[in-house]
Amino acid sequence: MKQNEMKGITLIALVITIIVLLILAGVAIATLTGDNGILTKAVTAKENTEKANEDEMRRLTMLEAVSNIENKEYTDANGDTATIPAGFAVSQIEGENTVENGLVIIDANDNEFVWIPVPTAIAESEEQGTINKAMAVNLGTEENPQYRGLLYNFNDTSSEVQSGCTTTTNNNREPDIVSDYDNNTTYNNGLFTKDSLQIDYNNMIKSVNINHGFYVSRYEMSLDANKNIQSKKNQQSATADASSTNMWYGLYEKAKTYNRDSVISSMIWGSQYDAMMNWMHKDSNINVNSTTPITGATKNASRTTGLEEKDKIKNVYDLLGNSYEWTLENNSSGHRVFRAGAYDYNSLISRRGNNSPYTKYNDVSSRFTLYIK
């Protein structure tokens with residue numbers, strides 16, 4: 001009888017021990033995990049430290065930008081080069097200082113831009129453009145150039161120049177006016193003429209040809225409290241503005257106002273957008289003809305720039321989502337072309353859409369570029 005009692009007591013003790021161990025394990029797991037857990041706090045602390053380090057690196061870059069009073073030739077760790085305009089400095093943040101990954105420059109006001117390398121800016125023909133991935137052909141003379149944009153179609157592995165894009169009658173073309181609206185001062189308000197657009201385009205192509213590249217705003221165009229144009233993270237895209245900035249014409253006008261002593265700003269041309277696509281498409285890990293151009297890509301489903309780190313390709317944000325992006329490219333006699341995807345639609349980053357430039361759209365913004373004087 002005593003022998004059976006001893007066995008019962010041992011079994012009860014074992015059960016109690018197991019229960020106590022389970023309770024202790026639960027307490028330990030809760031201490032390690034959860035919103036206030038040790039592991040969560042460690043991850044948060046690491047992220048905060050990294051952010052603080054990045055903020056400090058960005059602050060130092062902004063200070064350096066102030067001291068840069070002339071254009072400089074920059075050579076990265078891989079031997080690739082870029083021209084750094086006066087008033088800007090190369091980002092000191094890891095992953096942002098090589099041409100291959102997307103060279104980032106910052107101005108004294110924390111605006112950020114990415115270098116788009118263009119080895120060959122001018123081709124002799126549309127056919128040669130497909131081979132060299134050039135941006136334009138000259139239909140004028142050397143003394144009086146008349147550059148026409150080379151616009152590309154993309155597939156999964158390559159791209160080719162659109163047939164007839166350099167004619168004045170083709171649907172997709174630049175530089176040109178949209179005759180249905182650009183000739184109407186109600187919309188244009190004297191902003192430009194066909195001739196002035198040609199001059200602007202000529203100057204841009206000449207600069208890209210000399211410097212072998214240009215800069216694109218790292219983020220979609222946004223406006224500060226004083227309606228000044230900016231390229232900054234965590235800002236609402238310009239379509240959030242209730243003024244005429246929503247229209248293509250308002251965005252076009254704003255895009256020209258960033259100008260500094262060393263650079264000229266402009267709404268992105270279609271051939272500049274395609275130069276960016278061609279550069280990205282050279283990387284075998286990037287397919288600009290896909291809704292998932294890189295592994296794990298996720299569109300920015302907001303109306304604020306730079307919120308989604310997975311909507312970043314070669315350090316350029318919001319190509320998959322946030323807002324469509326107006327360009328200076330024409331389509332037919334009544335439409336301008338917009339590119340990429342938006343928060344409300346899954347799209348290829350190389351996609352072309354088109355619509356009337358006089359209408360306000362809450363999901364269409366733009367991206368501006370800089371070319372060196």
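This report walks through the overall form of one protein chain and then visits a few of its helices and residues.

**The whole chain**

Keep in mind that this is a predicted model. The protein chain is built with seven helices and 22 strands. Its C-alpha trace spans about 115 × 45 × 45 Å along the principal axes. For a compact globule of 373 residues, a radius of gyration near 21 Å would be expected, but this chain has 27 Å.

How much of the chain counts as buried? Of the 373 residues, 49% do. The accessible surface comes to about 17,700 Å², and carbon and sulfur atoms own 52% of that area. If you look at contacts with a separation of 6 or more, residues 24 or more positions apart account for 59% of them.

**A nonpolar patch and helix α1**

Now find Leu11, which lies in helix α1, residues 2-32. Is leucine 11 buried or exposed? Leucine 11 has a relative accessible area of 54%, and because exposed means over 50%, this residue counts as exposed. Leu11 also belongs to a nonpolar patch on the surface, together with Leu14, Val15, Ile18, Ile19, Leu22, Ile23 and Val27. Taken together, the residues of this patch have about 750 Å² of accessible area.

**Glycine 190, out in a loop**

Between α4 (185-188) and α5 (194-211) there is a loop, and glycine 190 is found there. Glycine 190 is exposed as well, since its relative accessible area of 65% is over the 50% cut-off. From the C-alpha atom of glycine 190 to that of alanine 82 the separation is 35 Å, and these two residues are 108 residues apart along the chain.

Here are the two exposed residues side by side:

| Residue | Location | Relative accessible area |
|---|---|---|
| Leucine 11 | helix α1 (residues 2-32) | 54% |
| Glycine 190 | loop between α4 (185-188) and α5 (194-211) | 65% |

**Helices α5 and α6**

Helix α5 has 18 residues and reaches 26 Å from its first C-alpha to its last, close to the 26 Å expected at 1.5 Å a residue. Its buried residues include Leu197, Tyr201, Met204, Ile205 and Val208. Polar names appear in that buried set too, among them Gln198, Asn202 and Ser207. Just after α5 comes histidine 212, with a positive phi near 60 degrees.

Why is helix α6, residues 248-255, described as largely enclosed by the rest of the structure? The reason is that six of its eight residues are buried. Those buried residues are Trp248, Tyr249, Gly250, Leu251, Tyr252 and Ala255.

Note on methods
Residues are numbered from 1 along each chain as its sequence is written. This is a predicted model: local features need pLDDT of at least 70, side-chain atom pairs count only at pLDDT 80 or more; totals for chains, interfaces and linings use all residues. Side-chain values use heavy atoms; hydrogens and water are left out. Patches are made of residues with over 30% relative accessible area and no salt bridge: like charges are joined within 9 Å, nonpolar side chains (Val, Leu, Ile, Met, Phe, Trp, Tyr) within 5 Å. Accessible areas come from the Shrake-Rupley method with a 1.4 Å probe; for residues, only the protein chains shown count as cover. A salt bridge is a side-chain nitrogen of Lys or Arg within 4 Å of a carboxyl oxygen of Asp or Glu. Helices (H or I, at least four residues) and strands (E, at least two) are DSSP runs, numbered from the N terminus. Buried means under 20% relative accessible area, exposed over 50%, partly exposed in between (1.4 Å probe, protein chains only). The radius of gyration is taken over C-alpha atoms; the globule rule is 2.2 Å times the number of residues to the power 0.38. Contact means heavy atoms within 4.5 Å. The expected span of a helix is 1.5 Å times one less than its number of residues.
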